[in-house]
Amino acid sequence: MIKFLNKYKWVITGVILAAVLLVIAFISGGNVEEAKKQAEVTTAAATSDSADTTALTHNKIAEEATQNSTAPTEAASTVETTSLNATESLTATSAVHTAQTTTSAQSSAAVEKPTEKTSAPAAPVPVTKPQEQKPTEEKPTVSAKKRCTISISCATLLNNIDKLKLDDRELVPDDGWILKPTTVFINSNDTVFDVLKRVCKNKKIHMEYSNNPVYNSAYIEGIGNLYEFSAGSNSGWMYRVNGWFPNYGCSQYSLKDGDTIEWMYTCNLGYDIGGSNARGND
Amino acid sequence: MSKLNRIIITALLIISLLSGTLSASALSIEQEQKLCDTGEYLKNNITPQVGSIGGEWVVIGLSRSGMFSEAQKQAYCDAVKAYAASKGTNRLHSRKSSDNSRVILALSAVGKDPGSIAGYDLTEPLADFDFVKTQGINGVIWALIALDSCNYYLQNDCRDQMLGELLSAQHIDGSWGLDENADPDVTGMALQALAPYRKYDTNIQNAVEKALLWLDSLSFDLLSPESCAQLIVAYTTLGIAPNTGLIDSMMRYSVPNGFAHTLNGEYNQMATEQAYYALAACRRFENGENALYDMSDVADYTVLDLDGDAQESINDATYIQRYLAEFEVSFTTPMKRTADLNKNGKVDIGDVTLYQQYLAR
């Protein structure tokens, strides 16, 4: 017996090594699966409430039918949530902006790793490859899940604090961020409105909207208790996607993977945030 | 002359007579037809609710062109009652007084008192200048138009403040806008708000004239249908026949059943509603009827309280006399408008007599 072992000791060592490597591969492959399952659960929780109709505010939103002032004035007037061309730096806040992603509370951090790594060590052993492939093939939904980044800023109020009523001034965060840029998972047919509503709900940020048939969209009246007209008659919320202010309501903008949504408070019809060309029905 | 020649000449005479009459009116045959067709469409396809489209502007347009049935008027009033009740307050919007203003206008148009709707006085919030001003110039304009439409009496009225606000918002070039930019739309609406008061205040008269000069510099082709509509209503309210080029410009947006918002665009509810009531305003002007928003032909809720005691009594007649004698009494512009009972553009002894007769009725 020992003679046998001696004669083929290198072969036997090789086989044992291979077996050990197989086991390692198998075990860590199992971990990838679990991590992915973990991620799926958390993202499902984060994105599950599309069917949820609970109002975010004290308003009975289902019955809400408030309109946007009188019709003629809408033709020219009220500040809409739509906006236009950007670049406008959030100046002082842009530094804060870039520091961001680390603080994003979403599961994105937890999720990202598994998509990159299936166990590499098995490379030199062809037998293991099919097993490696399996985890990624069986769970394509995670890597195909769409993501976007959303932020909510009222930075323009930092220089216009005197326009707010005394009681409202404490509503303005010191750095102007009501929500710093946060990456979230989104469903394939989510609109900007869907994401805002969901994120505000999850983060317990006040958000109030009404249904506006003129724009065939939700109209954002207030976020963080800062409303349209809170800082004068030309103030309100606007949004831009990828640096561009769409000229229509937020329920009409369907998101693509990687889009960046920025909700911004303006104190003068959008001029202060570079969105003066998207004032609704102009 | 042969019989045929005579017939031909008679026919030609008749035709030229007719076309003579037609060209003198504000609306062409085609435009009058458009008014009828759009009215038919709106009447048969919209059940007006409280809202900035499919709502008050349809009620106002159809009522002022005589196309709104009693049943439809009642249905709208019921909708307002339900809406107010669901709001639980007489402020139909917590930040926008224009919601109240819009509803008041529609209620006036159907002859319903906006002061008691499901137990709410919808006019009362318009006495709060801060509330009206929150919305900016838009709020001020529509509060003025709404309160004036049915001559609504409000204790603690702030119309004088609102007029002052509107005047101070006028740009140097005579225009108005939401910010420092000139906007024909807002200018048209500001004129509609100032129109009833211009005879009683030279500042207002000057402001109106300045705006009209600015409007003369506009090119109609560049205007949206809504801007055209607002200017048409402004002119007719001021008693000025709208330039046919302006009406033609609005008609460029005509599409089946209504109007589009852009050239070669599709039917747009907002454009349709505004263009419709603008055409209705033209027809009223042609027929010598009250201006679009002067609902005193169907609703007048004025209380002729001039001395501020919330009552109508001989003391008010005396108050007018003291004003005329310049005896320790000054009248604001809205008061002058209220006191001008004989509608001759000034407060005079004839109004005192009329007031006394009014008390004796």
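**Exercise 1: a patch on the surface**

Task: Find which residues form the nonpolar patch on the surface of chain A in this predicted model.

Solution: Start with helix α2 of chain A, residues 9–47, where you'll find Ile16(A). Now pick out the patch itself: Ile16(A), Leu17(A), Val20(A), Leu21(A) and Ile24(A). Together these residues have about 450 Å² of accessible area.

**Exercise 2: a sheet and its edges**

Task: Work out the strand order of the open three-stranded sheet in chain A, and say which strands stand at the edges.

Solution: Read off the order, which is β3-β4-β5 with antiparallel pairing. Next, look at the edges: β3 (207–212) and β5 (226–227) of chain A each have a single partner strand, so one side of each has no neighbour in the sheet. Then zoom in on β4 of chain A, residues 217–223, which pairs with β5(A) over two bridges. Here Gly222(A) sits opposite Tyr227(A) of β5(A). Last, add the helix: α9 of chain A, residues 192–202, packs on the sheet and touches β3 and β4 of chain A. The direction of α9 makes about 150° with that of β3(A).

**Exercise 3: a pair across a loop**

Task: Show which parts of chain B are tied together by the salt bridge between Arg284(B) and Asp297(B).

Solution: First check the distance: the closest N and O atoms of Arg284(B) and Asp297(B) are 3.1 Å apart. Arg284(B) belongs to helix α13 of chain B, while Asp297(B) is in the loop between α13 and α14, so the pair ties together parts that are 13 residues apart in sequence.

Now ask how covered each partner is. Buried means under 20% relative accessible area; Arg284(B) has 6%, so Arg284(B) is buried. Asp297(B) has 41% and is therefore partly exposed.

Finally, look around Asp297(B). Leaving aside neighbours within four places in sequence, Asp297(B) is in contact with Arg64(B), Arg284(B) and Asn290(B). Ala109(B) is 188 residues away in sequence, yet its C-alpha is 9.2 Å from that of Asp297(B).

**Exercise 4: two more salt bridges**

Task: For the salt bridges Asp99(B) with Arg102(B) and Glu328(B) with Arg322(B), decide whether the partners are buried or exposed.

Solution: Take Asp99(B) and Arg102(B), whose closest N and O atoms are 3.3 Å apart. Both lie in helix α5 of chain B, three residues apart, about one turn of the helix. Both are buried, and they are linked with Glu56(B) in a network of salt bridges.

Now turn to Glu328(B) and Arg322(B), at 3.9 Å from N to O. Glu328(B), at 68% relative accessibility, is exposed, whereas Arg322(B), at 29%, is partly exposed.

Note on methods
Residues numbered from 1 in each chain as written. Chains lettered and ligands numbered in written order. Predicted model: local features only at pLDDT ≥ 70, side-chain atom pairs only at ≥ 80, totals over all residues. Heavy atoms only, no water. Pairing = 2+ DSSP bridges. Helix = DSSP H or I, 4+ residues; strand = E, 2+ residues; numbered from the N terminus. Contact = heavy atoms within 4.5 Å. Axes fitted to C-alpha atoms, helices over the stretch in contact; angles between N-to-C directions. Patch = residues over 30% accessible without salt bridge, like charges linked within 9 Å, V, L, I, M, F, W, Y side chains within 5 Å. Areas by Shrake-Rupley, 256 points an atom, 1.4 Å probe, with all protein chains shown as cover. Salt bridge = Lys/Arg side-chain N within 4 Å of Asp/Glu carboxyl O. Buried < 20%, exposed > 50% of the residue type's maximum accessible area, 1.4 Å probe, protein only.
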